[in-house]
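Please take me through this model in the viewer, one selection at a time, and tell me what there is to see at each stop.

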Amino acid sequence: MTQIEIILERSKDFWWAYSTNVEGINGGGETEESARREVLQCIELQKELGNLSAHETYKPIFHYAAVELCAY
C-alpha cells in the first residue's frame, strides 16, 4: 500500500487539494468534500492513464494547511 499525502487548503470560496509526494494528484471544489472527491477521482484517472500502477493500492492521507484555515 502506498500512502499519498494530500494537503487541503481553503480560500475565501474554494478548497484545493494536492499531493506532496505524488506528482499529478490534485483536485478542488466549493466544499471540502468536493475537493476530497476530486482527489480520489484523480488517483483513479492516473491509474487508468498508466501514471500510477493499476495493481497498487493507494491510501490518501489528508492534512489541513492550518494557515489557510485560520485566515477564513
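## Starting on the sheet

Select Glu5 to begin, and look across to strand S4, where Ile61 stands opposite Glu5. Before going further, bear in mind that the model is predicted.

Now extend the selection to the whole of S1 and S4, which pair in the parallel sense over seven bridges. On moving from S1 to S2, the direction of pairing changes, since five bridges join S1 to S2 and these two strands run antiparallel. To find a pair of residues in this part of the sheet, select Leu8, whose bridge partner in S2 is Ala17. The connection between S1 and S2 is a hairpin, and four residues make up the link.

Continue outward to strand S2, residues 15–19, which is joined to S3 by four bridges, again with the two strands antiparallel. Trp15 is a convenient residue to pick here, and Gly29 in S3 is the residue that stands opposite Trp15.

With the four strands displayed together, the order reads S3-S2-S1-S4, in an open sheet whose pairing is mixed. Strand S3 (26–29) and strand S4 (58–64) each have a single partner strand and stand at the edges, so one side of each is left without a neighbour in the sheet. From one strand to the next, the twist averages 20 degrees.

## Across the sheet: helix H1

Next, select helix H1, residues 32–49, which lies across strand S1 (2–10), S2, S3 and S4, and which runs at about 150 degrees to S3.

Within the helix, go to Ser34, which is found in H1 and is buried, with a relative accessible area of 12%. Leaving out residues up to four places away in sequence, Ser34 touches Gly28 and Gly29.

## The salt bridges

How many salt bridges does a search of the whole structure find? There are two, and each can be shown by selecting a pair of side chains.

For one of them, select Arg36 and Glu32, whose closest N and O atoms are 3.0 Å apart. Both residues lie in helix H1, four residues apart, which is about one turn of the helix. Is each partner buried or partly exposed? Arg36 is partly exposed, with a relative accessible area of 25%, whereas Glu32 is buried, at 15%.

For the other, select Glu44 and Lys47, whose side chains meet in a salt bridge at 3.8 Å, N to O. These two residues are three residues apart in helix H1, and about one helical turn separates them. Glu44 is partly exposed, with a relative accessible area of 40%.

## Into the nonpolar core

Turn now to the largest nonpolar core, which has 13 residues, and select those with the most contacts inside it: Ile4, Ile6, Ala17, Ile25, Val39, Ile43 and Leu52. The elements that give two or more residues to this core are S1, S2 and H1, and the largest share, four residues, comes from H1.

Centre the view on Ile43, which lies in helix H1 and is buried, with a relative accessible area of 4%. Which residues does Ile43 touch, not counting those up to four places away in sequence? They are Ile4, Ile25, Leu52, Tyr58 and Pro60. If you draw a distance from Ile43 to Asn26, the C-alpha atoms are 8.5 Å apart in space, although the two residues are 17 residues apart in sequence.

From there, step to Ile4 and display its surroundings, again leaving aside neighbours within four places in sequence. Ile4 is in contact with Ser19, Asn21, Val22, Ile25, Ile43, Tyr58, Lys59, Pro60 and Ile61.

## Last stop: Gln46

Finish at Gln46, another residue to select in helix H1, which is buried, with a relative accessible area of 11%. The side chain of Gln46 makes a polar contact, at 2.6 Å, with the side chain of Asn51. To see the rest of its surroundings, display Gly24, Ile25 and Leu52 along with Asn51, as Gln46 touches these four residues when those up to four places away in sequence are not counted.

Definitions and conventions
Residues numbered from 1 in each chain as written. Predicted model: local features only at pLDDT ≥ 70, side-chain atom pairs only at ≥ 80, totals over all residues. Heavy atoms only, no water. Pairing = 2+ DSSP bridges. Axes fitted to C-alpha atoms, helices over the stretch in contact; angles between N-to-C directions. Contact = heavy atoms within 4.5 Å. Salt bridge = Lys/Arg side-chain N within 4 Å of Asp/Glu carboxyl O. Buried < 20%, exposed > 50% of the residue type's maximum accessible area, 1.4 Å probe, protein only. Core = buried A, V, L, I, M, F, W, Y, C linked by side-chain atoms within 4.5 Å. Polar contact = N/O pair within 3.5 Å; in protein donor to acceptor, adjacent residues only side chain to side chain.
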